[in-house]
Amino acid sequence: MLIVHSWFSLRYGTLSPGDILDTLLLMGYSSAVLADINTTSGCLEFVQLAAEKGIHAVIGVDFRFAQQQRYVMLATSNQGFEQINRLLSAHLTDGEEIPAEAPLLQDVYVIYPTHNLPSRALHENEFVGITRNDLRKRIPVPIAFRRKAVLFQTFTFKGKQGFNIHRLLRSIDENTLLSKLDVGACAPQDEDFIEQRELIAAFSNYPDLISRGLQLLEACHVDFQFGKSKNKKTFTGSKAQDRRLLEQLSLDGLAYRYGKKNKEAMRRLQHELEVIDKLGFTSYFLITEDLIRYARHRGFFHVGRGSGANSIAAYCLRITDVDPIELDLYFERFINPHRTSPPDFDLDFSWRDRDEVLNYMFQRYGREHTALMATYTTFQRRAVVRELGKVFGLPKGEIDALSGLRELPPDADHIAKLVFRYGALIHDFPNHLGIHAGGVLISEEPIFRYTATQLPPKGFPITQFDMYVAEEVGLYKYDILSQRGLGHIRDAVDLVLENKQISVDIHRVSDFKKDPAVKELIRSGRSMGCFYVESPAMRMLLSKLKCEDYITLVAASSIIRPGVARSGMMREYIHRFHHPDSFEYTHPKMKEILHETYGVMVYQEDVIKVSHHFAGLDPADADILRRGMSGKFRSAKAFQLVADKFMDNCREKGYPDEISQEVWRQMESFSGYSFSKAHSASFAVESFQSLFLKAHYPLEFMTAVLNNFGGFYKTQDYVHEARMLGADIQAPCVNRSIHLNSIHNNSIYLGFILLHQLEHRSSELIVEKRELDGDFLGLADFVSRVPIGLEQLIILVRAGAFRFTRKSKKELLWDAHLLLNKQPAKAERLPALFMADEPDYKFPKLEDTFLEDAYDQLELLGFTLCSPFELIEPITEETLVASQLPGFLGKHVAMLGYVVAVKDARTIKNDRMNFATFVDRDGYFFDSTHFPQVVQRFPFRGRGMYLIRGKVAVEFGYYSLEATSMKKIPFIHRGY
């Protein structure tokens, strides 16, 4: 019996399942057992590939504890594999120790190594494994066990190089030098792959061991019916009831979305319901609708996006908020008769709400049937070079230098060459198990039928295989994702209610699309903080387009993608948008199809539209073309059949071949990097919600943005934007601030969370004591009520949190030392019976300076509350501000700017260039382009103030600076 370890025995095995099977074929084997160490990650892939290669695959687990092999379990059936997975999951999820003696499981064989034989008689399904090493060492086997002995040889690596890789992986895992690696942490050298005839020859004197092993292998058989759906089959328990429920919910939603007399909507809905039922996707829709219903009940905001937004049924069920009729979206982009896998919904929730949504799914469908999808973090070039550098004992400086190189210099030493040689061999090996960004599986049979589970820090069990293996076996994920944009929308709505006593219905998106104030924000590109439209590149695009409507914003969300810009089609789209009569369509039919986007194929759905309306393909075949052109369709034969049909249909319609070929070329060239229109439309809905809040409640909106973090810009940039919108920005205050940022009328009080050195518990105590006993009257009163240490108190004083006392920070620091110097740091303080007196010592006049305050803020907050332009020496050179650029077009000028963002880019020749965004002294943004020769001579040197010289340029009415030189302007020195 041959046992193999794959690279899913993390930092131990050296070969992928595919490589193992190829090696087995070359060496004459017709069967083998994949039994990785404490994982079933590779089992399904091994079984599927083995069937294709004609090898009988047996699967199991090599159970180990503290590096000691306890036993190997083999699954004789699918039920046996489930039992093994349950045992392993109890260890990985619940922390149960792997027992020294195997529990009695049905449909499972247990093979004990000679060093861990049980102290009792063997059960019928238990055996003793004899290795080549056992034979050489003549390891004695008790007489009672000899009739249950089997050939038991494990293979872990291939050849000397494989053994070296194994030892390096073990050193990485043990975090030790290769020279100090314990022999016991490695596999024996006899776990090298050898040919079958050589293995049989080694056991030629023990034919019973060989025959028993073969008998066990022949008795093992698993069948996973790859490709057949394993997802939960029904929502209600009955397919007929599911069908009736989905129809009723959809019709109710149709009346809500379209009224009761929209015949086109009814026609499309009935067609969709027929296809959904025919393909067996009814439960998928109902499970998703149930999840959205729960989220709405809890007051959670969500965005349904992905190709699911093409479905009118999804729109009626309120899974998405994108009207497919308004946007001329194709249902076949989402579901068509050629599709065997369930449709794709991406459901975004606020990062604060997502875990509760996940918990609902686990509670609703049970942990027996629910698991998060795993993903594998693999060894990448820089990381593996660093790990191997440590294993070989290189000093940190050398490791840093090596990890930054793509190629070794000719004079590299022997160790550096070894690091790069083995780094290339280990590259892309799985390193550890991670959690997929949003994938959740809900299976009809218990999830243990397919995988063991383990418990990461999130607290929800995850599978031991990734999305690709799951799809192959027929387990299709629900994508439950999180994002910060929804968090700031929800928080802004709450803040408007709290600060202005106005209740905002954030779902009135149709009204937002017509709102003049919203249109003005989009047209001017003043969208900082707004979901998906806040980056410098997007703000620039919106300004160039003078975009003010939903349809154009949807297009902008697609053409902003890098591939479109590089192809030149973004610029062409903007040109055609402003000059719709300046170009000719390839064919009059193309004008009819693509007039909305001026003949430019902006979306993936455009491939379907052109194939259907121009070439006469049915929408299902058209979607095969779309998938094939984007590299997602696996059947080259099916793609070619449809491609031939496209050309044949064009000839039947009388199109000249050159016209048909040009249309095909346009489809093919753009589809590889185009974006789903439904996806763009979903993002645009959320963008409009953000834009409405910013247009009408700017200060509440910006406070919410600050409190959700994670946007494109840094906190100081959002603080600056809030100030430009009229906010009075206040430093943290012990009498006004809470942990997060808060708003009081027009004042935004920065939260204690922004004081990076302040402990979270200190923040909690301040708010807790203030709410309990009222505002603090002074420093002594604060110290008497809040059990806080001197270091934490000093942070608050330096941040200006006691400015209401009207004492200077220097005086307060003296007081703090006098009040707390002799007290324990964390002593609980009870409220005093009488008010504590403030110290009244006579000191020389101690005043704070503007510069000292600024540097305190820079150290404690990471940014200053004053303008950075106040922190530099006066510039004698005349400089412009952004508003003056139109008057200097084509001229060379100088501008002073505080850098906000720098984007690295590459030219066609792979030279590095930069696009940068600055704030001028008036507080407004301007952009600059830095071509390769400028970047090489005048590189950016971190955040700060820069004097930029260059030529004023304009494109589609958007002014910017083409830099010719640049220098960083230092801040005034603190002085002490």
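Modeller: A residue counts as buried when its relative accessible area is under 20%, and as exposed when that value is over 50%. Please keep in mind that this is a predicted model.

Biologist: Understood. Is Ala90 buried or exposed, then?

Modeller: Ala90 has a relative accessible area of 15%, so it is buried. The residue belongs to helix α3, which spans residues 78–94.

Biologist: Which residues does Ala90 touch, leaving out those up to four places away in sequence?

Modeller: With those left out, Ala90 touches Gly95 and Glu96. In addition, the C-alpha atoms of Ala90 and Gln454 are 8.4 Å apart in space, although their positions lie 364 residues apart in sequence.

Biologist: What about His91, buried or exposed?

Modeller: His91 is in helix α3. Its relative accessible area is 18%, and His91 is therefore buried. Not counting residues up to four places away in sequence, His91 touches Asn38, Phe65, Glu96, Glu97 and Ile98.

Biologist: Where is Glu97 found, and what does it touch?

Modeller: Glu97 sits in the loop between α3 and β5, the latter covering 108–113. Residues up to four places away aside, its contacts are Phe65, Arg70 and His91. Phe65 is thus touched by Glu97 and by His91.

Biologist: How far is His91 from Glu877, and Glu97 from Asn649?

Modeller: The C-alpha atoms of His91 and Glu877 are separated by 71 Å, with these positions 786 residues apart along the chain. For Glu97 and Asn649, 552 residues apart along the chain, the C-alpha separation is 66 Å.

Biologist: New topic: the nonpolar cores. Which residues touch the most other members in the largest one?

Modeller: The largest nonpolar core has 123 residues, and those touching the most other members are Phe614, Leu625, Phe646, Phe782, Leu796 and Phe802. Helix α30 supplies the largest share of this core, eight residues.

Biologist: What is Phe802 in contact with, beyond its neighbours within four places in sequence?

Modeller: Phe802 is in contact with Val734, Leu779, Phe782, Leu793, Leu796, Val797 and Leu812, once those neighbours are set aside. Another core, of 63 residues, lies apart from the largest one and includes Ile55, Val108, Val128 and Val473.

Biologist: Back to α30. At what angle does it pack with α22?

Modeller: Helix α22, residues 550–559, packs with helix α30, residues 677–696, at an angle of about 120°, and the axes are 8 Å apart. The two helices are therefore oblique to each other. Their crossing is right-handed.

Biologist: Which residues make that contact between α22 and α30?

Modeller: From α22, the contact uses Tyr550, Leu553, Val554, Ser557 and Ser558, and from α30 it uses Lys677, Ser680, Ala681, Ala684, Val685, Ser687 and Phe688. By class, the contact has seven nonpolar, four polar and one charged residues.

Biologist: And α9 with α11: what is the handedness, and at what angle do they cross?

Modeller: The crossing of α9 and α11 is left-handed. The axes of α9 (residues 239–258) and α11 (residues 282–297) cross at roughly 50° and come within 10 Å. These two helices are therefore oblique to each other. Asp242, Arg243, Leu245, Leu246 and Leu249 of α9 meet Thr282, Ser283, Phe285, Leu286, Glu289 and Arg293 of α11. This contact has five nonpolar, two polar and four charged residues.

Biologist: How do α14 and α15 cross?

Modeller: Helix α14 (residues 381–391) and helix α15 (residues 396–403) have axes that cross at roughly 155° and come within 9 Å. An angle over 145 degrees counts as roughly antiparallel, so α14 is roughly antiparallel to α15. The crossing is right-handed. Arg381, Arg382, Val385, Arg386, Gly389 and Lys390 in α14 meet Ile399, Asp400, Leu402 and Ser403 in α15. By class, these are three nonpolar, two polar and five charged residues.

Biologist: One last topic, the backbone. What is the phi of Gln501?

Modeller: Most residues other than glycine have a negative phi. Gln501 is not a glycine, yet its phi is positive, about 55°. Gln501 lies in the loop between α18 (484–500) and α19 (509–512). Its relative accessibility is 60%, so Gln501 counts as exposed.

Biologist: Where does Asn910 lie, and what is its phi?

Modeller: Asn910 lies in the loop between β17 (892–906) and β18 (912–919). Its phi is positive, about 70°, although Asn910 is not a glycine.

Conventions. Residues numbered from 1 in each chain as written. Predicted model: local features only at pLDDT ≥ 70, side-chain atom pairs only at ≥ 80, totals over all residues. Heavy atoms only, no water. Axes fitted to C-alpha atoms, helices over the stretch in contact; angles between N-to-C directions. Helix = DSSP H or I, 4+ residues; strand = E, 2+ residues; numbered from the N terminus. Parallel < 35°, antiparallel > 145°, perpendicular 65-115°, else oblique. Left-handed = near helix turned anticlockwise from the far one by under 90°. Contact = heavy atoms within 4.5 Å. Nonpolar A, V, L, I, M, F, W, Y, C, P; charged D, E, K, R; others polar. Core = buried A, V, L, I, M, F, W, Y, C linked by side-chain atoms within 4.5 Å. Buried < 20%, exposed > 50% of the residue type's maximum accessible area, 1.4 Å probe, protein only.
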